[in-house]
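User: I would like to go through this structure step by step. Please start with the strands and then turn to the core.

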Amino acid sequence: MIATATGDGYTIVENASLQGRNTFRVPARAAMLVDVRKPAALAELSGYAMLKSAPLLVLGEGSNILFTRDWPGVVLSIAAHAIDVLEDEGRHVRVHAEAGANWNDFVHWSLARGFAGLENLVLIPGTVGAAPIQNIGAYGVEVGEFIAGVEAWDLVEARRVRIEGPDCGFGYRDSRFKREAGRHVVTAVEFVLPRVREPRTDYAGVREELAALGVVDVPRPAEVAEAISRLRMRKLPNPALIGNAGSFFKNPLVASTLADALQREHAALPAWPAGNGQSKLSAAWLIEACGFKGHREGDAGVSDRHALVLVNHGDATGAQLWALAQRVRDGVHARFGVELEPEPIVL
Ligand SMILES: Cc1cc2nc3c(=O)[nH]c(=O)nc-3n(C[C@H](O)[C@H](O)[C@H](O)COP(=O)(O)OP(=O)(O)OC[C@H]3O[C@@H](n4cnc5c(N)ncnc54)[C@H](O)[C@@H]3O)c2cc1C
């Protein structure tokens with residue numbers, strides 16, 4: 001791709017391919033792609049007519065996005081990736097990470113310095129800047145717990161803002177940033193990480209994996225990370241080898257009365273109490289029970305390793321993957337009366 005304009009801290013390319021910028025590896029183009037190396041450049045860029053008027057999409061590593069068509073406006077990507085310790089209070093540290101830092105690298109950076117908290121979130125693809133958007137979570141931990149504040153460019157007010165952790169509206173795979181999509185360009189995240197923390201190892205398979213690693217005492221954060229990395233590598237298809245965006249559906253929240261009725265009929269259906277008279281059901285179980293695991297329509301498929309993951313076997317388009325997702329959703333609804341919601345952003 002040839003840069004059509006460069007400025008202090010940014011590069012603009014017109015009619016840019018996004019195929020290498022989404023982990024489904026589906027073809028899509030952006031009318032304009034802006035790579036921002038210095039977040040300060042956002043002030044200058046926001047004055048450009050194109051950025052003001054065209055639909056804007058902020059893109060990280062594209063590991064939670066399905067492009068079903070070209071993007072008619074501006075795709076903006078933050079490349080700045082510095083990580084700094086702001087303050088060390090002994091028991092806790094405050095860490096500042098720019099949005100373009102790779103999430104898994106950041107987790108390993110924190111573990112190497114003896115900071116705890118992020119070990120259960122190891123090996124989640126994507127950037128630091130995207131982590132607060134859907135409040136990434138895995139193995140019983142959500143990132144929102146460790147976020148002190150989010151720095152962003154507010155596109156509505158055209159100014160830099162800092163949103164404190166409690167104001168980020170974190171929920172299950174959800175946040176204020178996701179609900180107000182298109183308003184904030186996250187430029188950096190500030191974390192508070194403890195030095196010592198009770199490890200969370202009660203999630204399925206973690207204790208067994210630690211035992212297999214020979215860890216018999218209270219595990220250190222790096223050991224928990226190692227156990228979880230091994231579990232994830234076994235369970236989830238690697239996007240470097242086969243295009244995917246991780247779990248394609250959220251575990252559905254339903255009324256506990258419906259969950260109880262379904263469990264009476266299907267004793268093996270996993271369900272967890274979720275408060276307020278609601279229960280969370282295993283979307284993977286529902287999909288597998290409908291016979292979709294390993295199902296394939298051309299190059300669009302459901303992984304044979306994990307029923308929640310849609311995969312691109314080669315040349316599937318986003319539209320083909322989305323058509324398959326809708327068939328899975330309709331199948332689950334017809335059989336169980338449960339509505340599945342996609343986890344990635346579908347464009
Ligand atoms: C194999 C695999 C496993 C996965 N496992 C998990 C998991 O265990 N838990 C989990 O929670 N997720 C998981 N995911 C999903 C994904 O890794 C996360 O959602 C990740 O945070 C997305 O990061 P990204 O940089 O790729 O964001 P993108 O996919 O590029 O963008 C995702 C969303 O965030 C927005 N966004 C991105 N960067 C910014 C920014 N700087 N400012 C404002 N908005 C922004 C985008 O506009 C979009 O709405 C998995 C994905 C894959 C492929």
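**The open sheet and the core**

Analyst: Four strands, paired antiparallel, make an open sheet. Their order is β14-β20-β19-β18. Strands here are DSSP E runs of at least two residues, helices are H or I runs of at least four, and both are numbered from the N terminus. Two strands pair if DSSP finds at least two bridges between them. This is a predicted model, where local features need pLDDT of at least 70 and side-chain atom pairs 80 or more, while totals for chains, interfaces and linings use all residues. Residues are numbered from 1 along each chain, and side-chain values use heavy atoms, without hydrogens and water.

User: Which are the edge strands?

Analyst: An edge strand pairs on one side only. The two that do so are β14 (243-247) and β18 (296-297).

User: Which residue in β20 is the bridge partner of Gly243?

Analyst: β14 pairs with β20 (residues 309-312) over three bridges. The sense is antiparallel. In β20, the partner of Gly243 is Asn312.

User: Which element gives the most to the largest nonpolar core?

Analyst: A nonpolar core joins buried Ala, Val, Leu, Ile, Met, Phe, Trp, Tyr and Cys residues through side-chain atoms within 4.5 Å. Buried means under 20% relative accessible area (1.4 Å probe, protein chains only). The largest core has 43 residues, and Phe67, Phe249 and Ile287 have the most contacts inside it. Six of its residues come from the top contributor, α9.

Definitions and conventions:
Buried < 20%, exposed > 50% of the residue type's maximum accessible area, 1.4 Å probe, protein only.
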